[in-house]
Amino acid sequence: MALAFLDREYSIAPEGYSRWLVPPAALAIHLSIGQVYAFSVFKNPLLALHAANGSAWNLKEVGYIFSIAIAFLGISAALFGAWLERAGPRRAMFYAAICFGLGFVISAAGVQLHQMALIYLGYGVIGGIGLGLGYISPVSTLIKWFPDRPGLSTGLAIMGFGGGAMIGGPLANQLMAHFKSTGAPAIPATMVTMGVLYFLFMMFGVFTIRVPREGWKPAGWEAPVKHSALISSHNVAVSEAWKTPQFWLLWVILFTNVTAGIGILEQAAPMIQDLFPGSVGPAAAVGFVGLLSIFNMAGRFFWASVSDFLGRKATYFCFFVLGGVLYFLLPLTGAEKLNSVPLFVGIAVVLLSMYGGGFATIPAYLKDLFGGYNVSAIHGRLLTAWSVAGIVGPLIVNGILDHYVENHMPKQDAYPRILHIMAGLLVVGFVANLLVRAVGERYWLDEKSVAKPLETSH
Amino acid sequence: MDEKRSSPLKIALAWAIVLIPMAWGFSYTLTNALKIFTNGSPH
């Protein structure tokens, strides 16, 4: 059968295969698809383009490209999660690589022909499907390889998604500068090059990923006999998981944490300049955004690893209590009060580390509650919270800012209101986390059925 | 046990493949990020 090498049975690890080869495979995927966070580097070049008839795109039209990609990330993660559990990570990663690479190439044609619909289809829809498939594909495999450290392993991979922008941004800028200097059409040539490079990089992940053999466990490790009340020794199927209150509580937890983070991310550069007029300029504001992306990435690894020791519930309590207090205090650091740029930056980076930490810790929380059997599929459905937060967060921030601007009120006065709303959202997240209990016995999967999907390819 | 173990060189190479681009992106971003402390005033 064509592409049979992608089947799960061909990706079962041989005896002696090191589990430390699996995180680089996952990172190759996440570092690639994390490029989506750097898509804004194409914004100004796209706005400067003119069609043959002289027409140009506006900011709103260009902004939709990113929104469509994130929407399709959530949709595809939710739709294909259950398929991924059956097909295995290698096939899912392969399709993710094709979709993500092809998305760039189709978008390049769209730019060359000045057809926005083609860019929406390419980077937005097809690339977005690649994002969703790629995001969830290594999660359950990592959890199976690292039953002793599920937070650390998934944190490592999801850290890559945060770090992808750090590679994708400068790569795109340097490629565009290079092609411009050679006289080639800069954006299409850059997009095609990036599509090919990312496809190849993701293929490294495809060929490196392995699933553990049935019954494999780390040397010398035994599953703990006495569990925390929240760590289930049973599995829950994806079809049942979303009917549980725990799934929806975790949905609220992810939604509130992400929405609050977007409150800073969405307006980071203008916010610091508005709060410190005359002392922070555009170049420093760009530096601030870079610092946020570093802590967004580092927080993913740090907090997810810490959660292996603190427990997931306690880790999210940290996010909601510490985060709530810090969001409340952040506006006080502005020029009109404490006037401290280092304090503002210090608080913002801690908040962004917890934003990233929220993303990276959720797969291990899901594994604790629902078992590892369908965790990728359940994670995929939970990511719809991210899609919704991606719409609601900017709506809150931009809605309040527009209100202040339209009513000729000082823009910097809008920030305390925005940040206090974010603090309020974290209180909602705190309550949701407080209500999380172990999943009821009626949702547990019959243990005889657990092995079946692993054997479907035989 | 005569099982074939993954070579440490192979593991190191796999990590290098992902860590080198990460380090490049990190240093680029950090260099720009430091502008907030060295280039604070508006221009």
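Reader: Hi! In chain A, for contacts between residues at least 6 apart in sequence, what share joins residues at least 24 apart?

Author: Hello! In this predicted model, that share is 84% for chain A.

Reader: Nice. What is chain A made of, in helices and strands?

Author: Chain A has 18 helices and 0 strands.

Reader: And how does its radius of gyration fit with a compact globule?

Author: It agrees: a compact globule of 458 residues would have a radius of gyration near 23 Å, and chain A has 22 Å. Along the principal axes, the C-alpha atoms of chain A fill a box of roughly 65 × 50 × 35 Å.

Reader: How much of chain A counts as buried?

Author: Of its 458 residues, 53% count as buried.

Reader: OK, switching to chain B. What's in there?

Author: Chain B has 2 helices and 0 strands. There are 43 residues in chain B, and buried ones make up 21% of them.

Reader: How many residues of each chain are in contact with the other chain?

Author: On chain A there are 33 residues in contact with 27 residues of chain B. The elements of chain A that give two or more residues to that side are α1 (22-33), α7 (150-182), α8 (186-208), α12 (282-310) and α14 (341-370).

Reader: Which of those gives the largest share?

Author: That would be α12(A), with 10 residues.

Reader: And what kinds of residues are on the side of chain A that touches chain B?

Author: They divide into 22 nonpolar, 10 polar and 1 charged.

Reader: Back inside chain A. How do helices α3 and α15 cross?

Author: First, a general point: two packed helices are described by the angle between their axes and the distance between the axes. For α3 (residues 59-87) and α15 (residues 375-382) of chain A, the axes come within 7 Å and cross at roughly 180 degrees. Because of that angle, α3(A) is roughly antiparallel to α15(A).

Reader: Which residues meet there?

Author: From α3(A) the residues include Ala77(A), Phe80(A), Gly81(A) and Leu84(A), and among their counterparts in α15(A) are Ala377(A), His379(A) and Arg381(A). In this contact of α3(A) with α15(A), the residues divide into 6 nonpolar, 4 polar and 2 charged.

Reader: New topic: what about the phi of Asn339(A)?

Author: Asn339(A) has a positive phi of about 50 degrees, although it is not a glycine. Its place is in the loop between α13 (312-329) and α14 of chain A. Asn339(A) counts as partly exposed because it has 13 C-beta neighbours inside 10 Å.

Reader: And His408(A), is that buried or exposed?

Author: Exposed, because His408(A) has 6 C-beta neighbours inside 10 Å. His408(A) lies in the loop between α16 (384-406) and α17 (414-434) of chain A. Its phi is also positive, near 55 degrees, in a residue other than glycine.

Reader: Last thing: what confidence does the predictor give each chain?

Author: Chain A averages a pLDDT of 91, and 97% of its residues score at least 70. For chain B the mean pLDDT is 82, with 81% of residues reaching 70 or more.

Reader: Where in chain A does pLDDT stay under 50?

Author: Over residues 453-458, for which the model has 8 contacts beyond four places in sequence.

Reader: And what scores does the complex get?

Author: The predictor gives the complex an ipTM of 0.87 and a pTM of 0.88.

Terms used:
Residues numbered from 1 in each chain as written. Chains lettered and ligands numbered in written order. Predicted model: local features only at pLDDT ≥ 70, side-chain atom pairs only at ≥ 80, totals over all residues. Contact = placed C-beta atoms within 7 Å. Helix = DSSP H or I, 4+ residues; strand = E, 2+ residues; numbered from the N terminus. Nonpolar A, V, L, I, M, F, W, Y, C, P; charged D, E, K, R; others polar. Rg over C-alpha atoms; globule rule 2.2 N^0.38 Å. Buried ≥ 20, exposed ≤ 12 C-beta atoms within 10 Å, placed from the backbone. Axes fitted to C-alpha atoms, helices over the stretch in contact; angles between N-to-C directions. Parallel < 35°, antiparallel > 145°, perpendicular 65-115°, else oblique. pLDDT = per-residue confidence, 0-100.
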